[in-house]
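User: Could you take a close look at a single part of this structure and explain, step by step, how that part is placed among its surroundings?

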Amino acid sequence: MLEILYQDQYLIAVNKPAGMLVHRSWLDRHETVFVMQTLRDQIGQHVFTVHRLDKPTSGVLLLALSSDVARMLSQQLEQHQMQKVYHAVVRGYLSGEGESDAGTVDYALTEELDKIADKFASPDKAPQPAVSHYRVLAQTEMPVAIGRYDSARYSLVELKPETGRKHQLRRHMSHLRHPIIGDTTHGDLKQNRGMVQHFNCSGLMLHASHMQLPHPATGEMLSIKAPWDQRWQSVMTQFGWKDAVPELERVEFAADSSQDSEQFL
């Protein structure tokens, strides 16, 4: 059962689990469980994709309940009317610009191509503009030896992408030399292994926490939040960050979570 964050006659939002594909892909032929099919069976009607989250990323995933609404939401996405907020745990003490705890990464990204899916795409395409905003929420130094250091430092970061390039947040944090923990493509392998060994936490520490958008039918502003999963809760506790983002702390859901969706608005 997927955790439903919001549902009405036009759209539905779920808290996508880390490690779950949004839809079937021949690039992951061994996978048998997908958000779209699971949700369709759960609510008894077809759903339509609006945006995607990478397989290892958890958090708010918005889907439409008709093709017309999907088209309207896709237009909102293209027109930057959807505001997305992510949280990530990164390696080291990330600092902001000047004396601030915040900053902006304005770093163009070359398109990442899949060897098979994008075999007909041009490899010479110019780098595309990419902008991400970040804010440091908490930091800690843990007394465990990882790599050549006697202790390990981590930062909890709020991320707001202004553009939507493939793996943008992961690549931008890597560009700052503060890769997201658990990132197997752009991250630090030793840190990833250390996270598993010392803190019993595996996987990408990137969570789509909050989405805000005008409702496609009513124009009312929707604000949808996805609480931390058990893995995130464990890290927040071990790192002493339990109060860093209180609105994402896990809450108990009724059997029919769609009836409780108002608590996320």
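Analyst: A good place to begin is just after helix H1, where Gly-44 takes a positive phi of about 75°; the model is a predicted one, and this value is computed from it. The helix that comes before this glycine, H1, spans residues 35-43, and within it Val-35, Met-36 and Leu-39 are buried. Seen down the axis of H1, these buried residues fall within an arc of 90°, so they line one face of the helix. As for what lies over them, the cover includes strand E2 (11-16), strand E3 (48-49) and strand E4, the last of which runs over residues 58-64.

One residue that helps to connect these pieces is Leu-63, which, leaving aside its neighbours within four places in sequence, is in contact with Met-36 and Leu-39, and also with Leu-11, Ile-12, Val-14, Val-47, Phe-48, Thr-49 and Val-50. In soluble globular proteins, nonpolar side chains tend to be buried together. Here, the largest nonpolar core has 29 residues, and Leu-63 is listed with Val-14, Leu-159 and Leu-206 as having the most contacts inside it. Helix H1 is among the elements that give two or more residues to this core, and so are E2 and E4, together with E5, strand E7 (131-142), E8, helix H3 (168-175) and E9. A second, separate core of 21 residues includes Ile-146, Tyr-154, Cys-201 and Val-245.

Further along the chain, a glycine also follows helix H5, since just after that helix Gly-240 takes a positive phi of about 75°.

Definitions and conventions:
Residues are numbered from 1 along each chain as its sequence is written. This is a predicted model: local features need pLDDT of at least 70, side-chain atom pairs count only at pLDDT 80 or more; totals for chains, interfaces and linings use all residues. Side-chain values use heavy atoms; hydrogens and water are left out. Contact means heavy atoms within 4.5 Å. Helices (H or I, at least four residues) and strands (E, at least two) are DSSP runs, numbered from the N terminus. Buried means under 20% relative accessible area, exposed over 50%, partly exposed in between (1.4 Å probe, protein chains only). The arc is that of the directions from the helix axis to the C-beta atoms. A nonpolar core is a set of buried Ala, Val, Leu, Ile, Met, Phe, Trp, Tyr and Cys residues joined through side-chain atoms within 4.5 Å.
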